[in-house]
Structure formats: C-alpha cells, structure tokens
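Dear colleague,

I am passing on the structure we spoke about, together with some notes on what turned up when I went through it. Please have it open while you read.

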Amino acid sequence: MPSYSIYVALALLLFFFRRRVRPRPPHRPALTTQTDSLKTIMQPPRNDLDPPKNDPFTLTALAQYDGSDDTKPIYVSIKGDVFDVTRKRDVYGVGGSYNIFAGKDGSRGLGKSSLKLEDAVPDYSTLPENEIKVLDDWYSFFSKRYNIVGRVTDMPEAVARRIP
C-alpha cells in the first residue's frame, strides 16, 4: 500500500510550482482615468451665469445651431428652454458624444437616457413618471451650468401645455 504522504507531498509541490510559473494578471490601471474623463463632462455648477433670456426660437431656427458651423454657438433645448452649450463644443459639437441633441429640443431622448436619433425629439408627453424625473434632472443640470438664451415657440401641442 503506497504511502499517502508521498501523494500529499507531490500535490503540494505541484501546487507551489504552478503558482510560481503561472503568469500574474496584468496590472489594472486605477479608475482615475475614467474619473478624469467624467470631469470634462460633469463640470460643477457655475455661479457666473447670465439672467435667462426669452428670445424666441422656432425648431427650424434652432437647427442652425447644431455645431456644424464653427462661427455659430451651439444650442440645446430642454423642455422648450434653449441653453448655450458652446463652451462644451467637444461634447455637443460635430463628433461629440451628445451632438445628437445639438440644434434641437431632444427632451424625449434625455428623459429616456437615449442617444437614438428617433428619440431626440421635443415631444416628451408619453414619458412615464420615472423618465419625466430623469428629464427634470437633466433640466436642473443644464440650468446650473449653461446660460438660457431663449425659448422654443413651436413646441408640440402635447407638451406646450405643460411648459409654464
């Protein structure tokens, strides 16, 4: 009958050998890289905003402020209020991650947290309560960081009644 101590010794030897020979997983970088990139999008609230303006914009007129012309500002409308987001051209300009909302009222898409072109429309009347809350949070975020330069005058009737 073989001695079990030989088997145990071989098993331990194999275990330690495999542990020394097995390559270690690569070093994972700290999450600061991701956090640093978020800082560029999620800037803190500003205390130097101008008083809101009430300049009228049609949805058609708003479209010319989509970031495609570097000589014009970039505007994003939420719930009918038009925000000047030009200082974040890297985010809202052509090729930016949120360019889909530039030059339009994309309230529905913001409420749905959607970057689909078909959702970037002003009619948010069919959003459920939880998505209305998300839209309200976006409005609050923008109103603390960007100047309001006007109002959309031809919002869809379903939401025009909701806008004060």
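Because the word recurs below, let me say that a residue is called buried when its relative accessible area is under 20%, and exposed when that value is over 50%. Please also bear in mind that this is a predicted model.

I begin with helix α6, which covers residues 129-143, and whose 15 residues reach 21 Å from the first C-alpha to the last, close to the 21 Å expected at 1.5 Å a residue. Its buried residues are E131, L135, F141 and F142. Seen down the axis of α6, these buried residues fall within an arc of 115 degrees, so they line one face of the helix. E129 and N130, by contrast, are exposed on the other side of α6.

The sheet comes next. It is an open sheet of four strands in the order β1-β4-β3-β2, and its pairing is mixed. The edge strands are β1 and β2 (75-78), each of which pairs on one side only. Neighbouring strands are turned by 40 degrees against each other on average, if direction is ignored.

Taking the pairs one by one, β1 (residues 55-57) runs parallel to β4, with three bridges between them, and F57 has V152 as its bridge partner in β4. Strand β3 (residues 81-84) is antiparallel to β4 and is joined to it by four bridges, with F83 standing opposite I148. β2 and β3 are likewise paired in the antiparallel sense, over four bridges; here V76 has F83 as its bridge partner in β3, while I78 is partnered by D81. The hairpin of β2 and β3 has two residues between the strands, and K79 takes a positive phi near 55 degrees in it.

How is β4 placed with respect to the rest of the structure? Five of the six residues of this strand (residues 147-152) are buried, so β4 is largely enclosed by the rest of the structure. In β2, Y75 and S77 point one way and V76 and I78 the other way, and all of them are buried. That arrangement can be set beside a general rule, namely that in a regular strand the side chains alternate between the two faces of the sheet.

Helix and sheet also meet. The pairing of β2 and β3 in the antiparallel sense over four bridges forms part of the surroundings of this contact: α6 packs on the sheet, touching β2, β3 and β4, and its direction makes about 140 degrees with that of β2.

As for the nonpolar interior, the largest nonpolar core holds 28 residues, of which V85, Y92 and F142 touch the most other members. Two or more residues of this core come from each of β2, β3, α4 (89-92), α6 and β4. Leaving aside its neighbours within four places in sequence, Y92 is in contact with D66, I74, V76, V85, Y98, N99, A102, F142 and Y146.

One last place to look at is L115, which lies in the loop between α5 (107-112) and α6. L115 and I100 are 15 residues apart along the chain, and their C-alpha atoms are separated by 6.9 Å. With neighbours within four places in sequence again left aside, L115 is in contact with S97, Y98, I100 and F101.

With best wishes

Notes: Residues are numbered from 1 along each chain as its sequence is written. This is a predicted model: local features need pLDDT of at least 70, side-chain atom pairs count only at pLDDT 80 or more; totals for chains, interfaces and linings use all residues. Side-chain values use heavy atoms; hydrogens and water are left out. The expected span of a helix is 1.5 Å times one less than its number of residues. Buried means under 20% relative accessible area, exposed over 50%, partly exposed in between (1.4 Å probe, protein chains only). The arc is that of the directions from the helix axis to the C-beta atoms. Two strands pair if DSSP finds at least two bridges between them. Axes are lines fitted to C-alpha atoms, for helices over the stretch in contact, and angles run from 0 to 180 degrees between N-to-C directions. Contact means heavy atoms within 4.5 Å. A nonpolar core is a set of buried Ala, Val, Leu, Ile, Met, Phe, Trp, Tyr and Cys residues joined through side-chain atoms within 4.5 Å.
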